[in-house]
Amino acid sequence: MSNCFDITHGCAAPLGSSVHRNGVNFALYAPKARQAYVCLFDSSGHSEILRMAMNINEGGIWSLHIAPLKVGALYGFRIDGAFNPQQGLLFNENKLLLDPYAKDLFGEFSWSERHFAQRPLGSKCTLNNAADMPKARVTAGDVYRHKKPQHSWADTVIYECHVKGATCRHPAIPKVLRGKFLGLSHSSFIAHLTQLGVTAVELMPVHSFISEQFLVSKGLDNYWGYNPLNFFTPHKDYLVNDDINEFKQMVSELHRANIEVILDVVYNHTAEGGTDGPTLSLRGLDNLSYYRTVKEQPSVYINDTGCGNTLNIDHPKALQLVLDSLRYWVEIMGVDGFRFDLATILARTESGFSSRHTFLQAVAQDPILNKVKLISESWDIGPGGYQLGAFPAPWREWNDQFRDVLKRFWQSEQGLITDVAKRLHGSFDIFEHSARGPLNSINFISSHDGFTLADLVSYEHKHNEANGENNQDGHSANYSLNFGIEGVSDDPQINQLRLQQQKNLLLSLLLAKGVPMLAAGSEMAHSQGGNNNAYCQNNRISWLAWQDLPVTHPLMQFIHDALKIRRAHSAFSHNVFLAELDERATVHWFTEQGEPMTEAHWHDNSRHFLMYSLRDKHTNQALLVVLNASKNAISCQLPKVPTAAPWTLVLSSVNKLSAVCNTAQTVDIAAQSSWVFSAKLEGEGHD
């Protein structure tokens, strides 16, 4: 068969496969290998039709050029080298390895004993795994050329969603598109996003991923996708016709609707797991370069992720892999930014976390990456893992302190008003020290991880039995209320209180300084039945129940109205923390008597009431926000500062907006309720 091809040395760059002249160039990093091979497969992906030895180049890169060969060719790699597990060397020529730079995949991954380099541990497995591995497919992607929205952070409102779960039950979307990339770009879903008022979707992992073997054995899937097989290829289950260009089509349609696309990316570990995991790609190419291992025990992986392995981004080639992947998704696939799962790992050296880590510096100077949205999840389970506020500009960070403090406040927990005030006004205590501002905080109440917004007000205990771990998985500190009944209730009063509490949490989120993020389904009271760790629930527990909705859910309208207020007021657009004397920063805090708060009020641990005003010199408007987390109603005197004009009620979490202020500017504030008033400023001199 090799006589049918013209085989030449090939080029050492770019890594992966690339169409070159009338053939394909293959380049692979495997510096410790004795020999590397390119394996070509027939169009079915079942038969290996050619195995050719590659040529070694400077820097440990192997290359080969095969002609004639074109786009669509299927291939994999094999590596021959030392097999010494105790030294962290796991070369095994019997394992077909996925190209870490593959841009497209063909075929399915199937779990089998053939994937393991050592079986039993310490013994070399001689089984060929090719039949159970997807094959890399040669592509030639074009640069993304559509206009991008490029929203400022001040204008950004994020909607976190799962590609499948967002649309797979949407009756207005054609069945073939539901749960796919093209379902997200269908006009019905785009209209929903537009009506809601969001400007960006943050997609849970879309890189190719597989389900862990222990889940498959239970009949479950890794639904969320935080178990990456490859960093370049869109997940096949989200394609309609097995065409990766469908992802770009989705992006372009969302861009046309002025909606950005942010990807939740997992560069902290791979699906190869721990010592007892399969050999699928990086482990078989250069285990010690791509993964962190214990210094004196190279056979033992450092597990800062809880997933068995940790990517060794300190190594130049692992760093290059991540950076090349990021640039590919921006330049070729058209995305607008990234949220980095367990981002602390990406900035950890052997000495610990560093805000000057090579990865952070490389991104900062990269002319492509330093222009996109960068969001960190600033914690992991490793040493010094909690680093909220430690990332440098221009990074934004998921603010879990905002989430937890606001949930505890609306539970009527005592002694929190000072912390609540800090969170509502941008968390200066977290971000100002590094010359960052309110918009560096990604504020959220609920996300994919934890209770949904509806479950926060319906369950006081997690109910994760369906996950098959005896309800031992997931967090126990949920800061939730059930208002007297655990789970679904047919009591109208309880359901009204639950709706009111969801509105309280949403108002606190959407009218706080920072960048708000909504979890998909918050606008329709989506429930997971109390499951706060639905990572393996690829079913109606996780899928949004569009069919069961009224025409317009009251939470949908509430979010729309709150975001309309937010967009109209400049106080939410400040990108730095302003000095107290700056007239743009004027914030006044009041007691329920309408008088300025004193030091004694701030230190009164029994208080569950906050009232504050914000002024907008651009529109000559003032906002007054009233938050009553007490279980008792309060007769409130609205303040005369910063305006002597009457306050008008514009939004409230209570069912009726009929409680308009009387001429004395007093109003009865219901228990556990939130209110927003507006007034016209009467001149430049008012404070």
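Which residue forms a salt bridge with D80? Select D80 and R34 in this predicted model: the two form a salt bridge, and their closest N and O atoms are 3.3 Å apart. D80 belongs to strand β8 (residues 74–80), while R34 sits in the loop between β3 (23–29) and β4 (35–41), so the pair ties together parts that are 46 residues apart in sequence. R34 is exposed, with a relative accessible area of 53%.

Next, select helix α5 (residues 245–256). Its twelve residues should span 16 Å at 1.5 Å a residue, and its end C-alpha atoms are indeed 16 Å apart. Among the buried residues of α5 are F247, M250, V251 and L254. Display the surroundings as well: what covers the buried residues of α5 includes α3 (187–196), β15 (260–265) and α7 (316–331).

Remain on α5 and show E253 and R256, which form a salt bridge with closest N and O atoms 2.8 Å apart. Both lie in this helix, three residues apart, about one turn. E253 is partly exposed at 29% relative accessible area, whereas R256 is exposed at 55%. Just after α5, N258 takes a positive phi of about 70°.

Now select R339 and D264, whose salt bridge has its closest N and O atoms 3.0 Å apart. R339 lies in strand β18 (residues 337–340) and D264 in strand β15, so the pair ties together parts that are 75 residues apart in sequence. R339 is buried at 0% relative accessibility, and D264 is buried at 3%.

Finally, select C536. This residue is buried, with a relative accessible area of 2%. The closest cysteine sulfur, in C307, is 13 Å from the sulfur of C536, too far for a bond. The structure holds zero disulfides.

Conventions. Residues numbered from 1 in each chain as written. Predicted model: local features only at pLDDT ≥ 70, side-chain atom pairs only at ≥ 80, totals over all residues. Heavy atoms only, no water. Disulfide = S-S within 2.5 Å. Buried < 20%, exposed > 50% of the residue type's maximum accessible area, 1.4 Å probe, protein only. Helix = DSSP H or I, 4+ residues; strand = E, 2+ residues; numbered from the N terminus. Expected span 1.5 Å × (residues − 1). Contact = heavy atoms within 4.5 Å. Salt bridge = Lys/Arg side-chain N within 4 Å of Asp/Glu carboxyl O.
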